[in-house]
Amino acid sequence: IVADEPVSALDVSVQAQIINLLKDLQERLGLAFLFISHDLGVVKHACDRVAVMYAGKIVEEAPTDELYARPRHPYTEALLSSVPRPDPSYRDAEIILSGEVPDPAHLPAGCPFHPRCAYAEARCKTEAPPLRTIAAAHRVACLRAEELTLIGVTP
């Protein structure tokens, strides 16, 4: 079942009821869901695996807990920095990306994210990173994935 923003316009309590219903149906009927959402808080509770897209391409894919704890792509790190934390005393700096999302019909050379990436270096401007496996069930499209230590969302 493809579910495109299935809970985006709902109250938080109703969102939880719908997500629980979907998970129950999934378990009882053996269904698979493609759950499309901009709300990473909802994604964390609704999905077993996450694929993060930038400019129309997957830049990272991993099991949900792995991706949230140890992002390997700078765009994923920026997205996760905006997830609200239940503990108000816990404050990480939200990463504010500069620039604009590129036109998918006119992507920049190299990595499409390099104009907005704080970790970009010269080769990022010329080499397009392939989506590659870097750990068990964890794929990323970043030339520097192995050398960067990015901040995730702590449990």
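1. Ala137 is partly exposed in this predicted model, because its relative accessible area of 44% falls between the limits of 20% for buried and 50% for exposed residues. The residue is found in the loop between S5 and S6, and its phi is positive, at about 60°, although Ala137 is not a glycine.

2. The surroundings of Ala137 are those of a hairpin, formed by S5 and S6 with 2 residues between them. Strand S5 covers residues 132-135 and strand S6 covers residues 138-140, and the two pair in the antiparallel sense over 3 bridges. Within this pairing, Ala135 stands opposite His138 in S6.

3. Arg139 lies in strand S6 and is partly exposed, since its relative accessible area of 30% lies between the same limits of 20% and 50%. With neighbours within four places in sequence left aside, the contacts of Arg139 are Val59, Glu60, Glu61, Leu131, Arg132 and Thr133. Pro63, which is 76 residues away from Arg139 in sequence, has its C-alpha 10.0 Å from that of Arg139.

4. Glu5 also deserves a look for its backbone, as its phi is near 50°, a positive value in a residue other than glycine. Glu5 lies in the loop that runs between strand S1 (2-4) and helix H1 (12-29), and with a relative accessible area of 22% it is counted as partly exposed, because the limit for buried is under 20%.

5. As to the overall architecture, the protein has 4 helices and 6 strands, and these follow one another along the sequence in the pattern β-α-β-α-β-β-α-α-β-β. Of the contacts with a separation of 6 or more, 45% are accounted for by residues 24 or more positions apart.

6. On overall dimensions, the radius of gyration of the protein is 17 Å, which agrees with the value near 15 Å that a compact globule of 155 residues would have. The C-alpha trace spans about 50 × 35 × 30 Å along its principal axes.

7. Regarding burial and surface, buried residues make up 37% of the 155 residues in the protein. The exposed area comes to about 9400 Å², and carbon and sulfur atoms supply 57% of that area. As for charge, the protein has 15 positive and 21 negative side chains, and the centres of these two sets lie 5 Å apart.

How values were computed: Residues are numbered from 1 along each chain as its sequence is written. This is a predicted model: local features need pLDDT of at least 70, side-chain atom pairs count only at pLDDT 80 or more; totals for chains, interfaces and linings use all residues. Side-chain values use heavy atoms; hydrogens and water are left out. The radius of gyration is taken over C-alpha atoms; the globule rule is 2.2 Å times the number of residues to the power 0.38. Buried means under 20% relative accessible area, exposed over 50%, partly exposed in between (1.4 Å probe, protein chains only). Contact means heavy atoms within 4.5 Å. Accessible areas come from the Shrake-Rupley method with a 1.4 Å probe; for residues, only the protein chains shown count as cover. Lys and Arg count as positive and Asp and Glu as negative; His and the chain ends are not counted. The place of a charge is taken as NZ of Lys, CZ of Arg, CG of Asp or CD of Glu. Two strands pair if DSSP finds at least two bridges between them.
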